[in-house]
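Thanks for coming. I will go through one chain this morning, sheet by sheet, and then finish with a helix pair.

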Amino acid sequence: MKDSFDVYWNSKKYLHTVSKKKGDGKLRSLQIMQSIKSQMLDLWIENAKKPLTAVEYLELFKGIMSKEFNINKVEYLSIENDVLYPLSTSSDGYYISNGIPFLLVEPYLNQRHHFPNRLVNTLKHYFDYAGDVLILKDNCDKENCDKIGMIILEESSLWNSFAQTPFVDELENLLRDTVKMIKITQNIIYEKKLSQELFEMTEVFHSTMDVDHILEAMIHGVKRIFPKFPSKLILSNDQDRIKIEDVYVFDYLLERPSTIEAFVSGEMTIEHATDINNRLLNAPIKGKQGIYGVLQIFAPTEYRYSSREKRFIQHLTKTSGNALENAKLYHQSHRLVSDLQMINETSQRLNMKLNKEEILSFLTKQLKRSFEPSEICFALLNEDEFQNANGTTAFFYRKESKIYCDYISNHFSNSVDPLFVAEFDSLVEEKIPYNSMMVVPIIVREKVQGYCAILHQDSYYFSFDSFKLMQSLIRHSSLAISNILLREQLQEMVDRDHLTKLYAREYLERYIESSMSEDNCGTFVLLDIDNFKMVNDTFGHQMGDLILQSIGEQLQLCIQDEGICARWGGEEMAIYLPSKKANETVEIVNHIINLIPSVTEPSVTLSSGISEWHNDFKLSYKRLFQNADVALYKAKNSGKNRYCLFSSEYSKEK
């Protein structure tokens, strides 16, 4: 009986002990839950004073779990667009580098605390310490709940006990509310950051008309909002020359289809670009009158741009597009005013009595000031061949310029249209130093009589506006140049003898008079064809003309640039050699006298008289002529086919 009672009593005592232990566990879990609530409340209060980031919250929550459950490894997974993103891989809660497809874990969401737990086993592939999972849900009805996140915990005996109590549901609700509060706070902070950034950039856009400044502000603003995402601006070809980091020229042949679509349609596009392992956002930069380029942002393939980020980018590109448009219109108006002033100034200068060299020098200065070219060429037509004129840079006198000159000559042999070339290397096979080229013809009586060409080493350096301005400038100048060319042709007809092409006597006299005022010495030579009347009488005047032409050609070949040759009158010709003394001239004249009989048919001879002047006994140019005439008379009387150097004794004899 006693044994039976002892057994009963011991059994009762055991059950009481077990019940007491269960009560103690429940009480312990209640105390833990109250402690967690108290600590979470402290976090909320601290957050009200100074908002914490999601990562900071996670670190503080890790401290709570370590204190209460001896758990040191905790991870929060946010659910965005059916992808789970671990928070610890982010520095600010917005940039996630890795993701876990939600479909992998969705079938096991209702298997919490079942063993084996297939949800935990699945997550162990990504987090080897995973021991349990808290699923944070919101807006639950009878059938569905919105999943807003998961918390992965490492295994712990204290936690395993706590997880068997109803308090785990209360903890999940507390953490759900905390996460919602964090997201709301972070959204407010992020919206404020976006608004502040947009406000600051808008201030810059409205405070400047500098295109480069606007673009730099835009690039820096995007980098501040997306610090880990590469970005760049692609601007249309009609933009001015821009040399800013991350700013490029739009090229239809090289851009991605999604970029072209954004540029053409004016709508934002997002491309999952697997070939470059990026999710590419293309936002058109558009104003009221057109689209000026595309903003590109390169995010990881798993990243999803939020609606607020898209709105920010759209506001940014719209504001910057309007600012670019205003700046462009502002600069265009100033450029038009400047262009009109330059054309007006050019017209005024061209109405002055300038010679060809002065006009070309003036145009060279205007071209350098307006277009900043690397090289300039003025070429004028001379005997069906373009020859470089005043204002041409040294490059066009070197053989490297031949490919440009030949291209221009071939063009103007078939057309009178100007040339605008943005990439000259695409037209030729050779390696060339200059890629951009503008050429405008100088037209006289509807024919190309010359051209002006400017070059630059960069492709697409000259804008179409520059091309139109250059055409206007050269066409305004063409009339003045045409008049000068006509005057030169007329003057050439006056200054040259029509038959022999030698200078006329009047021109020779002016030349000698100028030389005697500037040089130290000079020699005048008078030549006469011996017995020329007999040649005309015997062979006819036509043959006499041919002999005069032949002698004229030989005189020019012999003298070259050392002096000038002229027809003095009838069968007499003259030579003047500036800065040469008589003893030097005698050798030249003797060579001519010996040469002429062998190159004329019928053969004729020359007689010559030579006179000189120098500073020691400076003569008038008329006296110089008289002395040569006296010496020629002496040569004629001495047997002809010879020369005589003037001596004062000859005057006495005459």
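**Two sheets and a helix pair**

Let me start with a sheet of 5 strands, which is open and runs in the order S12-S11-S15-S14-S13, with antiparallel pairing. Its edges are strand S12, residues 386-388, and strand S13, residues 419-421; each has a single partner strand, so one side of each has no neighbour in the sheet. From one strand to the next the twist averages 20°. Please keep in mind that this is a predicted model.

Inside that sheet, take strand S11, residues 375-381, and strand S15, residues 447-456. They are joined by 6 bridges and pair in the antiparallel sense. To find the register on screen, look for Glu375, which stands opposite Leu455 in S15. Helix H9, residues 356-371, packs on this sheet. H9 touches S11, S15 and strand S14, residues 436-444, and its direction makes about 150° with that of S11.

Now some numbers for the whole chain. How many helices and strands are there in the chain? The count is 17 helices and 20 strands. The chain has 654 residues, and buried residues make up 46% of them. The exposed area is about 35,900 Å², with carbon and sulfur atoms supplying 50% of it. On contacts, consider those between residues at least 6 apart in sequence: 61% of these join residues at least 24 apart.

On to the other sheet I want to show. This one is also open, with 5 strands in the order S7-S6-S10-S9-S8, but here the pairing is mixed. Which strands stand at the edges? They are strand S7, 247-249, and S8; each has a single partner strand, so one side of each is left without a neighbour in the sheet. The twist averages 25° from one strand to the next.

Two helices to point out pack on this sheet. Helix H6, residues 211-225, touches strand S6, 231-235, along with S7, S9 and S10, and its direction makes about 150° with that of S6. Helix H7, residues 257-265, touches S6, S8, S9 and S10; the direction of H7 makes about 145° with that of S10.

Let us stay with strand S9, residues 278-286. Why is S9 described as largely enclosed by the rest of the structure? Because 8 of its 9 residues are buried. On one side, S9 pairs with strand S8, residues 269-273, in the antiparallel sense over 5 bridges. S8 and S9 form a hairpin with 4 residues between them, and in the turn Asn277 has a positive phi of about 55°. For the register here, Glu271 stands opposite Leu280 in S9, and His272 has Arg279 as its bridge partner in S9.

Arg279 also leads us to the next strand, since its bridge partner in S10 is Ala299. Strand S10, residues 291-299, runs antiparallel to S9, and 8 bridges join the two. S9 and S10 also form a hairpin, with 4 residues between them.

Back to S8 for a moment, and its side chains. In a regular strand, side chains alternate between the two faces of the sheet. Along S8, Thr269, Glu271 and Ala273 point to one face and are buried, whereas Ile270 and His272 point to the other and are not buried.

A brief stop at a single residue. Is Thr122, in helix H3, residues 118-123, buried or exposed? Its relative accessibility is 14%, and the cut-off for buried is under 20%, so Thr122 counts as buried. Leaving aside residues up to four places away in sequence, Thr122 touches Leu104, Val105 and Tyr108.

Last item, the helix pair. The axes of helix H14, residues 541-559, and helix H15, residues 582-599, come within 11 Å and cross at roughly 145°. The crossing of H14 past H15 is right-handed. On the H14 side the contact is made by Ser550, Ile551, Gln554, Leu555, Cys558 and Ile559. On the H15 side it is made by Ile588, His591, Ile592, Leu595, Ile596 and Val599. By type, the residues of this contact divide into 9 nonpolar, 3 polar and no charged.

That is what I have for today.

Methods: Residues are numbered from 1 along each chain as its sequence is written. This is a predicted model: local features need pLDDT of at least 70, side-chain atom pairs count only at pLDDT 80 or more; totals for chains, interfaces and linings use all residues. Side-chain values use heavy atoms; hydrogens and water are left out. Axes are lines fitted to C-alpha atoms, for helices over the stretch in contact, and angles run from 0 to 180 degrees between N-to-C directions. A crossing is left-handed if the near helix is turned anticlockwise from the far one by less than a right angle, and right-handed if clockwise. Contact means heavy atoms within 4.5 Å. Ala, Val, Leu, Ile, Met, Phe, Trp, Tyr, Cys and Pro count as nonpolar, Asp, Glu, Lys and Arg as charged, and the others, Gly among them, as polar. Buried means under 20% relative accessible area, exposed over 50%, partly exposed in between (1.4 Å probe, protein chains only). Two strands pair if DSSP finds at least two bridges between them. Accessible areas come from the Shrake-Rupley method with a 1.4 Å probe; for residues, only the protein chains shown count as cover.
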